[in-house]
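Hello,

Here is the model we talked about passing on. Please open it first, then read the notes underneath.

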Amino acid sequence: DLRPEYYVLADPHFFNSDAPNVRTLWQNLARADWQIVLYVPRSVRRLPFGCNNPNIIVERYNLTPVEGFRAFRHAAYRARLGMPRPRNVLIPSLMLAIAAGFKEIYIAGADHSWMKTIAVDDDNNVVSVQPHFYTDSQGEQQRIRTEYLNYPLHKIIHSFYIAFRSYFIIRDYADARGVTIWNITPGSFIDAFPRRTV
C-alpha cells in the first residue's frame, strides 16, 4: 500500500540471508512500478535475488561510526564519511534525510520500547521478543531467540545505550544544520527529539 520515494536498508541480514521475509522484500522491490531511491551500505556491490528493477536508483552510504570532538564529527558527517554509531536503520535514515536537505523530519512508528521485551529465564538466557511491523515467521523468531542466547544482558543493554546516545548526537548535528526532527510516535522511548502529535 505504501509507495516510498526513499527506502533505507542497513542490516547485513537483508543482503546475506535467504529468510522468507528477506526474499519477500526483494521480490516486492523488484516489482515496484514507481521510482525509489534505495539506500544501501557502501559495502553492498549488487542487490540480492536478482533484483534488477530500472525504477530503483541505488545510492550507497557510509556506515562507518564516527566519534571524536564535535567539529571533527560534524565535518565527517557533512562529507558523508560516516555517522553516529549505526545501531539500527533509523540512525542512517535520519542522517541521510539531513544530508538530502530536508529541514523537517518526522519519526513515526519508532517506539524503541525494547526494554519492555527483555527478560532472563531461569537458565540465565536472555529472552527478547522484538515485534516488527511485518509478521516474523517461526523460523525468524527462532533465529532471533538463538542469536540472543549468545549475548549476555549487559551487552544487549549496552547496544540500547549506543542507539539512544546516537539520537542525541544526531539531534546536536541536526540543530547545527538548522534541521528539526520531530518524534510523532506515541509512547516512544526516544527522548532526544521534541514530540509532536499529528
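I36, L38 and V40 point one way from β2, while V37, Y39 and P41 point the other way. Residues on both sides are buried. Strand β2 spans residues 36–41, and 6 of its 6 residues are buried. Please keep in mind that this is a predicted model.

Next, the neighbours of β2. Strand β1, residues 6–8, pairs with β2 in the parallel sense over 3 bridges. Within that pairing, Y6 stands opposite V37. Strand β3, residues 56–61, also pairs with β2 in the parallel sense, over 6 bridges. There, Y39 of β2 has E59 of β3 as its bridge partner. V37 and Y39 point to the same side of β2.

Now the rings. How many aromatic pairs does the structure hold? The count is 9. One of them joins Y6 and F102. Their centres are 6.0 Å apart, the planes are at 90°, and the pair is edge-to-face. Y6 lies in strand β1, whereas F102 lies in the loop between α4 (90–99) and β4 (104–107), so the pair ties together parts that are 96 residues apart in sequence.

Are these two rings buried or exposed? Neither label fits. Y6 has 38% relative accessibility, so Y6 counts as partly exposed. F102 has a relative accessible area of 35% and is partly exposed too. The cut-off for buried is under 20%.

F69 and F72 form another aromatic pair, and this one is tilted. The distance is 6.0 Å centre to centre, with 50° between the planes. F69 counts as exposed because its relative accessibility is 60%, and the exposed class starts over 50%. F72, at 41%, counts as partly exposed.

Which residues do ring pairs link into a cluster? They are W114, F160, F164, Y167 and F193. W114 has a further contact: R87 lies over its face, at 5.4 Å from the ring centre.

A charge also sits over the ring of W182. That is the charged end of R196, 3.8 Å from the ring centre.

When you go through the model, I would begin with β2 and its buried residues. Then follow Y6 from its place opposite V37 to its ring pair with F102. After that, turn to the cluster that includes W114 and to R87 over the face of W114.

Best wishes

Note on methods:
Residues are numbered from 1 along each chain as its sequence is written. This is a predicted model: local features need pLDDT of at least 70, side-chain atom pairs count only at pLDDT 80 or more; totals for chains, interfaces and linings use all residues. Side-chain values use heavy atoms; hydrogens and water are left out. Buried means under 20% relative accessible area, exposed over 50%, partly exposed in between (1.4 Å probe, protein chains only). Helices (H or I, at least four residues) and strands (E, at least two) are DSSP runs, numbered from the N terminus. Two strands pair if DSSP finds at least two bridges between them. Rings of Phe, Tyr and Trp (its six-membered ring) pair if their centres lie within 6.5 Å; planes under 30 degrees apart count as stacked, over 60 as edge-to-face and the rest as tilted. A charge sits over a ring if NZ of Lys or CZ of Arg is within 6 Å of the ring centre and within 35 degrees of the ring normal.
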